[in-house]
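This report describes the fold of a single protein chain, working from its overall architecture to individual residues. The sequence and the model come first.

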Amino acid sequence: MTDSFDSVLDEDKYAASLTRGDRRLSHMAFKGAILISLYNDQPRFNQPSKLLSLLMDIDSLLTKWRYNHVMMVQRMIGSKVGTGGSSGYQYLRSTVSDRYKVFLDLFNTSTYLIPRAYIPPLTRSMKRQLSILCHDHIPGESSEEEDNTNGSGEVNNEDGNGEKVKFEI
């Protein structure tokens, strides 16, 4: 199990697992999927989290279709040679395994999830970098008055609640 965790943190070990066929996603994509899973409650990661979930749903539906097809073939031709010259039922049955899942790595990200209490909170700076709409005032902190423009192509306005809101242009 520790080898599995090490492979996420060590790019060379991850590359070795890619070569062996244990993984399919790139190292960066896999770390991104874990980040999205850990912080799916953050607005920036909400839609990506839903997308990852839908990709796993598609994979599950393909697996169910394969299984149903295997069962239909078994009922129709039994153990005879398949219509494409394959071994028929035996070949199709082998395609129902995890080996044929397209997004197996996404299913395995849950292995690396930790209890929410142990997930470090995103810093204010990180939240700003992840946000399209950046609130200058975070509850519990004092905010200073700012001009409407700051010379960097950003415009500061107040939202309906009187909070300063920064829009990137």
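The text below covers the overall make-up of the chain, its main core, one pair of helices and three individual residues.

**Overall make-up**

The model is predicted, and its chain has seven helices together with three strands. Read from the N terminus, the order of the elements is α-α-α-α-α-α-α-β-β-β, so that the helices precede the strands along the sequence. Of the 169 residues, 25% count as buried. When contacts between residues at least 6 apart in sequence are considered, 49% of them join residues that are at least 24 apart.

**The main nonpolar core**

The largest nonpolar core is made up of 14 residues, and those with the most contacts inside it are Val8, Phe30, Ile34, Leu38, Tyr39, Leu52 and Tyr112. Two helices, α3 (27-38) and α4 (43-77), each supply at least two residues of this core, and α3 gives the most to it, with five residues. Tyr39, one of the residues with the most contacts inside the core, touches Phe45, Ile119, Pro120 and Leu122 when residues up to four places away in sequence are not counted.

**How α3 and α4 pack**

The two helices that supply this core also meet each other, with axes that come within 9 Å and cross at roughly 115°. Because angles of 65 to 115 degrees count as roughly perpendicular, α3 and α4 are described as roughly perpendicular to each other. The crossing in which α3 passes α4 is left-handed. On the α3 side the contact is formed by Ala33, Leu35 and Ile36, which meet Phe45, Pro48, Ser49 and Leu52 in α4. Sorted by class, this contact has six nonpolar residues, one polar residue and no charged residues. The polar member is Ser49, because serine is not among the residue types that count as nonpolar or charged. Leu52 links the two descriptions, since this residue of α4 meets α3 and is also listed among those with the most contacts inside the core.

**Three residues in their surroundings**

Ser49 lies in helix α4, and its relative accessibility of 18% makes it buried, because the cut-off for that class is under 20%. Leaving aside residues up to four places away in sequence, Ser49 touches Ile36 and Asn40. Met76 is likewise found in helix α4, but with 62% relative accessibility this residue counts as exposed, the cut-off for that class being over 50%. Asp10, by contrast, has its place in the loop between α1 (2-9) and α2 (11-20), and a relative accessible area of 31% leaves Asp10 partly exposed.

For each of these three residues, the table gives a partner that is separated from it along the chain, with the distance between their C-alpha atoms.

| Residue | Partner | Separation in sequence | C-alpha distance |
|---|---|---|---|
| Asp10 | His27 | 17 residues | 9.1 Å |
| Ser49 | Ala33 | 16 residues | 8.2 Å |
| Met76 | Tyr89 | 13 residues | 9.9 Å |

The pair of Ser49 and Ala33 in the table belongs to the helix contact described above, as Ala33 is one of the α3 residues, and Ser49 one of the α4 residues, through which the two helices meet.

Terms used
Residues numbered from 1 in each chain as written. Predicted model: local features only at pLDDT ≥ 70, side-chain atom pairs only at ≥ 80, totals over all residues. Heavy atoms only, no water. Core = buried A, V, L, I, M, F, W, Y, C linked by side-chain atoms within 4.5 Å. Buried < 20%, exposed > 50% of the residue type's maximum accessible area, 1.4 Å probe, protein only. Helix = DSSP H or I, 4+ residues; strand = E, 2+ residues; numbered from the N terminus. Contact = heavy atoms within 4.5 Å. Axes fitted to C-alpha atoms, helices over the stretch in contact; angles between N-to-C directions. Parallel < 35°, antiparallel > 145°, perpendicular 65-115°, else oblique. Left-handed = near helix turned anticlockwise from the far one by under 90°.
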